Every structure is written in C-alpha cells, then in structure tokens.
Amino acid sequence: MVGLILQSRALEAGYALAAAAACAVVMWKSIEYIVTTRRNSRERNQGSDPEA
C-alpha cells in the first residue's frame, strides 16, 4: 500500500514536471518567434525605406 502511494506521488510529480517543461518550451518558442518576426520585419523595412 505504501509503495502504491509513493508510486502515485512520483507519477504526479512526473506529470507536473512534464507539464512545466512543455510550458517552458511553448514560452521559449513563442518568444523566439516574436523576436525573429520583429527582426525580419525590421530588415524588410530598412531594405524598402531609402531614408532608413
């Protein structure tokens, strides 16, 4: 019985860790996407604007 409770706790911790890792990856990728998009937009604007 004690082993089952410990196993359940470990499984719960594993799920929480996996959820946190997935959340971190999503946050990182969205930040990376925003930075890349802004950089590309800035480069396009500089290329098309003769006053820049």
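I first looked up the exposure of Lys29 in this predicted model. Lys29 has a relative accessible area of 49% and is therefore partly exposed, since the exposed class begins over 50%.

I then turned to Glu32. Its relative accessible area is 36%, which also places Glu32 in the partly exposed class.

Next I checked the contact between these two side chains. I found that Glu32 and Lys29 form a salt bridge, with 3.4 Å between the closest N and O atoms. This pair satisfies the criterion because the distance lies within 4 Å. I recorded a count of 1 salt bridge by this rule.

I located both partners in the secondary structure. Lys29 and Glu32 belong to helix α1, which covers residues 2-48. They are 3 residues apart, or about one turn of the helix.

I then considered the protein chain as a whole. I noted 1 helix and 0 strands. Of the 52 residues in the chain, 0% are buried. For the accessible surface I noted about 4900 Å², with 65% of this area belonging to carbon and sulfur atoms.

Methods:
Residues numbered from 1 in each chain as written. Predicted model: local features only at pLDDT ≥ 70, side-chain atom pairs only at ≥ 80, totals over all residues. Heavy atoms only, no water. Helix = DSSP H or I, 4+ residues; strand = E, 2+ residues; numbered from the N terminus. Buried < 20%, exposed > 50% of the residue type's maximum accessible area, 1.4 Å probe, protein only. Areas by Shrake-Rupley, 256 points an atom, 1.4 Å probe, with all protein chains shown as cover.
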